[in-house]
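Here is a short report on one protein structure. Look at the sequence and the model first, then read on.

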Amino acid sequence: MKKLFLLLTMVIAFSATMNAQRIVFVDTERVLESMPAYQEAQKEIDQITQQWQEDIQRKYGEIDEMYRAYQAEEVLLTDELRQQRQDQIIEKEKELKEYQKKKFGYQGDLYKKRQELVKPIQDQIYETISTMAKRKAYDIVLDKSSGVSILFASEEYNKTCEIMEGLGLSCEE
């Protein structure tokens with residue numbers, strides 16, 4: 001009876017081990033930030049963003065000048081000219097808001113540029129992670145930097161350096 005119980009316990013323990021999932025995690029933000037291609041892409045995005053911001057500031061300055069000129073001349077203008085100037089100012093503000101939305105809004109030019117420059121780098125990281133996961137038979141790979149709450153993880157499951165090395169990057173702890 002004892003032998004049967006021991007054998008049954010061993011079979012259950014062995015099957016539980018066989019069904020255990022292998023879970024690891026990677027800090028993709030750290031990987032991205034260590035890649036020269038990503039740093040260059042980010043620098044280009046920052047430059048474009050700064051240009052657009054300066055352009056927007058300049059246009060706001062033009063609208064402000066139009067408004068100040070209108071205020072200075074308002075008492076001298078006829079009702080029709082006053083309304084015409086107000087409409088011009090309002091139209092310029094609408095155009096500027098549309099321009100801002102086109103550049104920085106959802107699916108705007110900034111989003112498209114980021115997709116163009118950063119997505120290939122992210123795809124390269126994903127391919128490296130996918131290859132490693134298949135080669136090492138990992139069931140789940142979590143991204144530590146993407147908002148997945150990992151309250152505790154042993155460093156033995158951290159495969160960030162392995163991914164960095166797979167991308168030809170050095171990993172200094």
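## Buried or exposed

A residue counts as buried when its relative accessible area is under 20%, and as exposed when that area is over 50%. Anything in between is partly exposed. Keep in mind that this is a predicted model.

Take Lys-103 and Asp-109 as a start. Both residues are buried. They also form a salt bridge, with the closest N and O atoms 3.0 Å apart.

## Helix H3

Helix H3 covers residues 36-73. How far apart should the ends of its 38 residues be? At 1.5 Å a residue, H3 should span 56 Å. The C-alpha atoms at its ends are 56 Å apart, which agrees.

Several residues of H3 are buried, including Tyr-38, Ala-41, Gln-42, Ile-45, Ile-48 and Thr-49. Farther along the list come Ile-56 and Ile-63, which are buried too. What do the buried residues of H3 pack against? They pack against helix H2 (28-33), and also against H4 and H5.

## Aromatic pairs

A pair of aromatic rings is described by two things: the distance between the centres and the angle between the planes. A search of the whole structure finds two such pairs.

One pair is Trp-52 with Phe-104. The ring centres are 5.9 Å apart. The planes meet at 85 degrees, so the pair is edge-to-face. Planes over 60 degrees apart earn that label. Trp-52 lies in helix H3, while Phe-104 lies in helix H4 (residues 79-104). The pair therefore ties together parts that are 52 residues apart in sequence. Trp-52 is buried, with a relative accessible area of 13%. Phe-104 is partly exposed, at 29%.

Tyr-67 and Tyr-70 make another pair. Their ring centres are 6.4 Å apart. Their planes are at 35 degrees, so this pair is tilted. Both residues belong to helix H3, and being three residues apart separates them by about one helical turn. Buried or partly exposed: which is Tyr-67? Its relative accessibility is 39%, so Tyr-67 counts as partly exposed. Tyr-70, at 4%, counts as buried.

## A charge over a ring

Tyr-99 has a charged neighbour. The charged end of Lys-59 sits over the ring of Tyr-99, 3.9 Å from the ring centre.

## Salt bridges

How many salt bridges does a search of the whole structure find? It finds 14. One of them joins the side chains of Glu-44 and Lys-113, at 3.5 Å from N to O. Glu-44 lies in helix H3 and Lys-113 in helix H5, so the bridge ties together parts that are 69 residues apart in sequence. Glu-44 is partly exposed, with 32% relative accessibility.

Asp-55 and Arg-58 also meet in a salt bridge, at 2.2 Å from N to O. Both lie in helix H3, three residues apart, or about one turn of the helix. Asp-55 counts as buried at 17% relative accessibility. Arg-58 counts as partly exposed at 45%. These two belong to a network: salt bridges that share partners join Asp-55, Arg-58, Lys-59 and Glu-62. Lys-59 is also the residue whose charged end sits over the ring of Tyr-99.

## The disulfide

The structure holds one disulfide. It joins Cys-161 to Cys-171, with 1.8 Å from S to S. What does this pair tie together? Cys-161 lies in helix H6 (residues 160-166), and Cys-171 lies in the segment after H6, so the pair ties together parts that are 10 residues apart in sequence. Both cysteines, Cys-161 and Cys-171, are buried.

## A contact of Gln-124

Gln-124 is found in helix H5, which covers residues 109-136. Its relative accessibility is 39%, so Gln-124 counts as partly exposed. Which residues does Gln-124 touch, leaving out those up to four places away in sequence? It touches Met-35 and Leu-167.

Gln-124 and Leu-167 are 43 residues apart in sequence. In space, their C-alpha atoms are 8.1 Å apart.

How values were computed. Residues are numbered from 1 along each chain as its sequence is written. This is a predicted model: local features need pLDDT of at least 70, side-chain atom pairs count only at pLDDT 80 or more; totals for chains, interfaces and linings use all residues. Side-chain values use heavy atoms; hydrogens and water are left out. A disulfide is a pair of cysteine sulfur atoms within 2.5 Å. Helices (H or I, at least four residues) and strands (E, at least two) are DSSP runs, numbered from the N terminus. Buried means under 20% relative accessible area, exposed over 50%, partly exposed in between (1.4 Å probe, protein chains only). Contact means heavy atoms within 4.5 Å. Rings of Phe, Tyr and Trp (its six-membered ring) pair if their centres lie within 6.5 Å; planes under 30 degrees apart count as stacked, over 60 as edge-to-face and the rest as tilted. A charge sits over a ring if NZ of Lys or CZ of Arg is within 6 Å of the ring centre and within 35 degrees of the ring normal. A salt bridge is a side-chain nitrogen of Lys or Arg within 4 Å of a carboxyl oxygen of Asp or Glu. The expected span of a helix is 1.5 Å times one less than its number of residues.
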